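Dear colleague,

I am passing on the structure we spoke about, and below it I have set out what was found. Please read the notes with the coordinates open beside them.

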Amino acid sequence: MPVSIAVIGPGAIGGTIAAWLAQDEAHDVSLCARTPFDRLKVETPSGPITATPAILTDPAAATPVDWILIATKTYEAEGTALWFPGLIKAGTRVAVLQNGVEHIARFAHWIAPDSIVPVMVDIPAERTAPGHILQRGDGLLVVPDGDGGRAFASLFAHTPITVSLTDDFTTAIWKKLCINCAGAVSALTLKPGGVAANQGAADVMRTLVAECVAVARAERATMPDTMPQDVIAHYLRAAPDSINSMHADRLAGRPLELDARNGVIVRLGEKHGIPTPANAMMVALIEAAIG
């Protein structure tokens with residue numbers, strides 16, 4: 001029997017993941033979306049791939065699956081949950097492929113936490129049109145080591161996407177948040193990732209990351225002292241014209257994942273009594289910029 005997989009969210013990450021999973025005939029892939037489109041086409045580092053998963057636009061038409069992969073925006077939890085009654089059966093596992101550090105808490109209202117596999121996603125990809133995606137690198141997914149994590153990793157055995165198991169998922173997601181929080185500079189200035197080459201912008205990015213590191217350590221993540229400079233090096237290694245998802249959302253006039261990328265640092269900083277003025281200022285400035 002094929003492994004049935006429903007991917008909720010046809011954006012850059014969801015579309016890339018669905019297209020790669022559909023390359024294996026052992027997978028029966030469906031894609032849950034707001035509006036229909038004909039097929040997926042992903043320009044990958046090794047060449048284009050296409051896929052024609054079943055496109056579902058009505059939660060009432062969903063049928064139970066073995067795996068649900070959530071690749072929606074962090075602020076779309078309630079809309080995402082509309083798909084759960086039709087998709088979930090006994091034994092269904094739910095992988096959350098989202099930004100931020102609150103993967104399990106975000107969906108614990110609807111799904112038993114022990115059924116959730118949180119996933120740290122590092123796949124450089126940009127959606128250029130509905131169903132059309134540019135994947136700039138093979139990418140990395142990190143999951144907690146355990147039965148759920150290993151089962152998730154097995155889904156990608158035929159793909160070039162690396163799936164890594166870790167005993168310290170908390171550190172993994174906070175390191176990713178360090179990268180994401182610095183990306184707010186691009187969302188504010190509307191400059192691509194190469195803005196890190198500007199000394200002033202790089203200084204702001206380092207400050208955002210330093211605050212993130214302080215809060216991460218309070219949340220029991222293990223963070224190196226070099227993290228602020230490591231993040232700048234990460235941006236300088238990437239294509240200078242690369243656009244992060246919050247930057248892309250602002251250009252398109254879509255809502256932003258500002259709370260999951262910077263606001264959460266402020267919220268958890270307040271919880272631990274750690275000042276985070278740079279991230280608070282970034283949230284305020286971007287909110288003012290988008291009106």
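A residue is called buried here when its relative accessible area is under 20%, with a 1.4 Å probe and protein chains only. Please keep in mind throughout that this is a predicted model.

By that cut-off Gly263, with a relative accessible area of 8%, is buried, and its place is in helix 11. Leaving aside residues up to four places away in sequence, Gly263 touches Leu258 and Val283. Between Gly263 and Met282 the C-alpha to C-alpha distance is 8.9 Å, with 19 residues separating them in sequence.

The helix that holds Gly263 belongs to a packed pair: helix 11, residues 258–272, and helix 12, residues 277–290, have axes 8 Å apart and pack at an angle of about 140 degrees. Angles over 145 degrees would count as roughly antiparallel, and helix 11 and helix 12 are therefore oblique to each other. Their crossing is left-handed. On the side of helix 11 the contact is made by Leu258, Asn262, Gly263, Ile265 and Val266, and on the side of helix 12 by Asn279, Ala280, Met282, Val283, Ile286 and Glu287. Sorted by class, this contact has seven nonpolar, three polar and one charged residues.

A second pair is formed by helix 6, residues 169–182, and helix 8, residues 199–218, whose axes come within 8 Å and cross at roughly 150 degrees. That angle makes helix 6 roughly antiparallel to helix 8, and helix 6 passes helix 8 in a right-handed crossing. Helix 6 contributes Trp174, Leu177, Cys178, Cys181 and Ala182 to the contact, while helix 8 contributes Met205, Leu208, Val209, Cys212, Val213, Val215 and Ala216. The residues of this contact divide into twelve nonpolar, no polar and no charged.

Two cysteines of that contact, Cys178 of helix 6 and Cys212 of helix 8, deserve a separate word. Cys178 counts as buried at 0% relative accessibility, and Cys212 is likewise buried, with a relative accessible area of 0%. Why is the sulfur of Cys178 not bonded to the closest cysteine sulfur, in Cys212? A disulfide requires a pair of cysteine sulfur atoms within 2.5 Å, whereas the sulfur of Cys178 lies 3.7 Å from that of Cys212, which is too far for a bond. Seen from the other side, the closest cysteine sulfur to Cys212 is that of Cys178, at 3.7 Å. By this rule the count of disulfides comes to zero.

With best regards

Methods
Residues are numbered from 1 along each chain as its sequence is written. This is a predicted model: local features need pLDDT of at least 70, side-chain atom pairs count only at pLDDT 80 or more; totals for chains, interfaces and linings use all residues. Side-chain values use heavy atoms; hydrogens and water are left out. Axes are lines fitted to C-alpha atoms, for helices over the stretch in contact, and angles run from 0 to 180 degrees between N-to-C directions. Helices (H or I, at least four residues) and strands (E, at least two) are DSSP runs, numbered from the N terminus. Angles under 35 degrees count as roughly parallel, over 145 as roughly antiparallel, 65 to 115 as roughly perpendicular and the rest as oblique. A crossing is left-handed if the near helix is turned anticlockwise from the far one by less than a right angle, and right-handed if clockwise. Contact means heavy atoms within 4.5 Å. Ala, Val, Leu, Ile, Met, Phe, Trp, Tyr, Cys and Pro count as nonpolar, Asp, Glu, Lys and Arg as charged, and the others, Gly among them, as polar. Buried means under 20% relative accessible area, exposed over 50%, partly exposed in between (1.4 Å probe, protein chains only).
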